[in-house]
Amino acid sequence: MAEKNILDNKIPEGPLDQKWTNYKGHCKLVNPSNKRKLEVIVVGTGLAGASAAATLGELGYKVKAFCYQDSPRRAHSIAAQGGINAAKNYQNDGDSVFRLFYDTIKGGDYRAREANVHRLSEVSGNIIDQCVAQGVPFAREYGGLLSNRSFGGVQVQRTFYAAGQTGQQLLLGAYSALERQVALGTVTIYNRHEMEEVVVIDGKARGIIARNLVTGEIERHFGHAVLLCTGGYGNVFFLSTNAMGSNVTAAWKAHRKGAYFANPCFTQIHPTCIPVSGENQSKLTLMSESLRNDGRIWVPKQKNDTRKGNDIPEDERDYYLERRYPAFGNLVPRDVASRAAKERCDAGYGVGTSKQSVYLDFAEAIVRYGKIECGKHGITDPSAAVIQQHGLDVVKEKYGNLFDMYAKITGEDPYLTPMRIFPAVHYTMGGLWVDYELKTTIDGLYALGECNFSDHGANRLGASALMQGLSDGYFVIPYTLGNYLADEIYNQPIPTTHPEFDKAEKEVKDRISKLLNVKGTETVDSLHRRLGKIMWDKCGMARTAEGLTEAINEIAQLRKEFWEKVKIPGSDKELNPELEKAGRVIDFIELGELMCKDALDRAESCGGHFREESQTPDGEALRHDDQFMYVSAWEFTGENPNGLLGEELHKDQLVYEVIKPTTRNYK
Amino acid sequence: MEHYNMNLTLKVWRQANSEAQGNFEIFSVANISSEMSFLEMFDVLNEQLVEEGKEPIAFDHDCREGICGMCSMYINGKPHGPWQQNTTCQLHMRAFKDGDTIVVEPWRAKAFPVIKDLIVDRGAFDRIIEAGGYVSINTGNPQDANNIPIEKKKADEAFAAAACIGCGACVAACKNSSALLFVGAKVSQLALLPQGEPERKSRVFDMLTQMDKEGFGACTSTGACEATCPKGISIANIARLNHEYIRAAVLDDTVH
Ligand SMILES: Cc1cc2nc3c(=O)[nH]c(=O)nc-3n(C[C@H](O)[C@H](O)[C@H](O)COP(=O)(O)OP(=O)(O)OC[C@H]3O[C@@H](n4cnc5c(N)ncnc54)[C@H](O)[C@@H]3O)c2cc1C
Ligand code: SF4
Ligand code: FES
């Protein structure tokens, strides 16, 4: 142990549960009259970016917020379905800040930072208060109080939700706070703008270069600090549950300029997605994990069973999660549930035409709820049909929009037949390395929300990403950024005529003309699909040293081909979606290589990272805490003559002061 | 579900930018699976166009899950196409038959200028929200969330109004290009909740004033908006907005 921490993660001294309070009590403040003189750039307007931009605007800073969509309200956060955690203990079922903290650390397979996660748990309650005060319509009980449900990996009900549209309601809350600041003149929004480069002057982030996606104009923007809130990079796999525009460009450009990239190989595979149906599929759709509260997961006991789900009798069904993990059953964490589904399908028990799916069945829940409702309505001796009808109404109220979505996509009625689901790439726990203040290794450059790596370890429990985005934006960055900006009041704004702005702008223009000048034969999408296939096959749900080594070389080759073959029509002086995609795909290709390197280095299994060489006799993930209790932080060192990217590994040692890492057991 | 393949003819509106003149262009697409989404069919067509060295069709989209509100196009004369309560990204090709001709156009409304092909500028919606579609509260120390109990029925109604995705289909469907369903949804959500109470009067005035400024037309209660809305936002929200307006006008002696 005790390898010296070469990265200063600035975790405050003192007992864990007082670190954040102490930090807030002692960090530097900026006088209100000086805030007006300080300019902050926020890239991204999802939950993390919108909440940060709105809050910093409220405090009086001059904020510029950027997003590539036509409105901040469309950020990927809008798609989050299931819910957001908070340690409110409203249900009196034994929840507490410590328990939320503990579940999150354990869920992350002991690869998250204690101090960050504790802070997240501490502010979780304030997030709910804040959102309710904004008018976010969370689900309520008949008594008028807030309602809760459970999510995977926990045994208490701490998840707040708004039907299957929680992300939408939270984002609209943050968006309206943001638009209020726009009206007040503290925030300016640049929509349909893509950040293409960070400008670093004397070691500090001082601005960005952005492309106006409508006119193609390249713009320079100064800021005393730059916040990247640009989301995750799951689309490196081509097929994922992410929005189509989600990408790694901003984080990757920052990485190339000196920001370390942490734990890139930690990808979350979500167990309950609608399975792939055809060649031309462009994305995968999630069925919220909240469905596992009531839905039971099973496959036939018999291999290659071709009967319809409803025709298979009860005693010929294998409820494999309940069988293997009796304590948590269908509510085991995502990595465990995903691997178990893959194991059953690989063993030949999968269902559907492709045999690559398992059933998620609501029949029993419908009857159970139906009986309760009949009881409530004083219906004695109800017939099966009456029970069924009442049960359907309850399920419809709880999950209706998800069921509708399933029906639209598959053409099947999930109220009558069990849904078919399969795991899919969903969330990336890796991201830019940040210290306790959310600052990257570039001074003045911060990363918030899914864009950073800090709070989830090797796996993310459900309902914790929304929590982190809002925690970072509403409650953390206002303090930590102030601590930095307090010293910046002595610095005048730097004019965008500074040579470093010239240089960064030239890099962007050169890259765009290089892209347009390849004039090859292959479409951007087809190159992206090729990358996705390598990533899914060799750096997906299971990884081996051999496969990863192959993948690294195949990706390097693909990168070479990209620059010879990519075909982009149109010009850079207009709205050009193919050009936008091409810029993102080349960054994905470079990132893919790093993800495989990171996965190769980590010769252990943990959370979403499953190295086949490292498993217990019964097929569970086997960690090696003696060797890998660190965050991998990669430094970009330039391109190598052998065609690979230069990346140097730094280790941010994880120290568990309060929790003793043990084998994760959900049995 | 049975799958089938089809060959289709597409008539698509092409327009280089807001100043250029637009016109319809005709394309044929082959072997489209009934399982594909409408936008995946466009992806296939676009890849084909790129391969042929032609400019692909520009259209707005992002989540492809029916929730971000970004995808926007008229399909055979209906915003978001033939299915009820649906977005374009969630429209699947089994809605069509082999040999069909499909006409695709951008939203048409003065307040939504065309940017390119099927992409329009819906910035007016953001500016209407800026005018008052929020609760004025800073981040910090609100009271405990359960100190504001809300009757479940009201909370559910507020949620149903809040489900609007800001897509603009209601405007596109309306012969007057009225934005009243969109505005009504936000005004209703906040009027139903105690949190919205302090700004209840100013909000409805300010949002309506901005709506007029943006060039949206007047509502003549034809109900096309409700019939088209992908999220089933009820026209009752327009009634509630009118009620809020009158209530504010009667109660407020500083009517502007
Ligand atoms: C289908 C689905 C369901 C989910 N359900 C849940 C759930 O129930 N509970 C939960 O906790 N989590 C859930 N998640 C995860 C969660 O939604 C995300 O992790 C979270 O919303 C990310 O928020 P963010 O603010 O970090 O980034 P995002 O919301 O992804 O925002 C990124 C922003 O950055 C902008 N951007 C990116 N690059 C650039 C650039 N170069 N220039 C300019 N702008 C840029 C984009 O325009 C956007 O505004 C779900 C995710 C998915 C996909
Ligand atoms: S009211 Fe309906 S149609 Fe209009 S913007 Fe909202 S969701 Fe779209
Ligand atoms: S692409 Fe998001 S609603 Fe259609």
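**A:Arg334**

I looked first at the side chain of A:Arg334 and found that it makes a polar contact with the side chain of A:Gln268 at 2.9 Å; a polar contact is a pair of N or O atoms within 3.5 Å, where within protein one must be able to donate a hydrogen and the other to accept it, and residues adjacent in sequence count only if both atoms are side-chain atoms. I note that this is a predicted model, in which local features need pLDDT of at least 70 and side-chain atom pairs count only at pLDDT 80 or more, while totals for chains, interfaces and linings use all residues. Side-chain values use heavy atoms, with hydrogens and water left out, residues are numbered from 1 along each chain as its sequence is written, and chains are lettered from A and ligands numbered from 1 in the order in which they are written.

I looked up the record for A:Arg334, and an unreviewed UniProt entry places the feature "active site" there; UniProt positions are given in the numbering used here, feature names are shortened, and annotations may be inferred rather than shown by experiment. I located A:Arg334 in helix H9 (residues 334-346) of chain A, where helices (H or I, at least four residues) and strands (E, at least two) are DSSP runs numbered from the N terminus. A:Arg334 counts as buried because its relative accessible area is 4%, the classes being buried under 20%, exposed over 50% and partly exposed in between (1.4 Å probe, protein chains only). Leaving aside neighbours within four places in sequence, I found A:Arg334 in contact (heavy atoms within 4.5 Å) with residues including A:Phe151, A:His270, A:Glu289, A:Arg292, A:His426 and A:Arg460.

**A:Glu194**

I turned next to A:Glu194, which sits in strand S6 (residues 193-201) of chain A and is buried, with a relative accessible area of 6%. Its side chain makes a polar contact with the side chain of A:Arg584 at 3.1 Å. Beyond four places in sequence, the contacts of A:Glu194 are A:Ile209, A:Ala210, A:Arg211, A:Leu213, A:Asn247, A:Thr249, A:Glu580 and A:Arg584. I also checked A:Asn242, 48 residues away along the chain, and its C-alpha atom is separated from that of A:Glu194 by 18 Å.

**The two ligands**

I found ligand 1 between chains A and B, and of the 38 residues around it, A:Gln69, A:Ser77, A:Gly82, A:Met195 and A:Glu450 come nearest; a residue is near a molecule if one of its heavy atoms lies within 4 Å of it. For polar backbone atoms I noted A:Thr45, with an N or O atom 2.8 Å from an oxygen atom of ligand 1, and A:Gln81, with an N or O atom 3.2 Å from a nitrogen atom of ligand 1. A polar backbone atom of A:Met195 is 2.8 Å from a nitrogen atom of ligand 1.

Ligand 2 is surrounded by residues of chain B, among them B:Cys164, B:Cys167, B:Cys170 and B:Cys229, together with B:Phe125 and B:Pro230. By class I recorded 10 nonpolar, two polar and no charged residues in this shell, with Ala, Val, Leu, Ile, Met, Phe, Trp, Tyr, Cys and Pro taken as nonpolar, Asp, Glu, Lys and Arg as charged, and the others, Gly among them, as polar.

**Two positive phi angles**

I noted that A:Tyr110, although not a glycine, has a positive phi of about 60°, and that A:Asp202, also not a glycine, has one of about 50°. Most residues other than glycine have a negative phi. A:Tyr110 lies in the loop between helix H4 (97-107) and helix H5 (114-134) and is buried at 0% relative accessible area. A:Asp202 follows in the loop between S6 and strand S7 (204-212), but is exposed at 78%.

**Chain A as a whole**

I counted 17 helices and 19 strands in chain A, and buried residues make up 67% of its 667 residues. The radius of gyration (over C-alpha atoms) is 25 Å, which agrees with the value near 26 Å for a compact globule of 667 residues, by the rule of 2.2 Å times the number of residues to the power 0.38. From the unreviewed UniProt entry I took the feature "domain: FAD-dependent oxidoreductase 2 FAD-binding" at residues 40-466 of chain A; the end C-alpha atoms of this span lie 23 Å apart, and the span is 31% helix and 19% strand.
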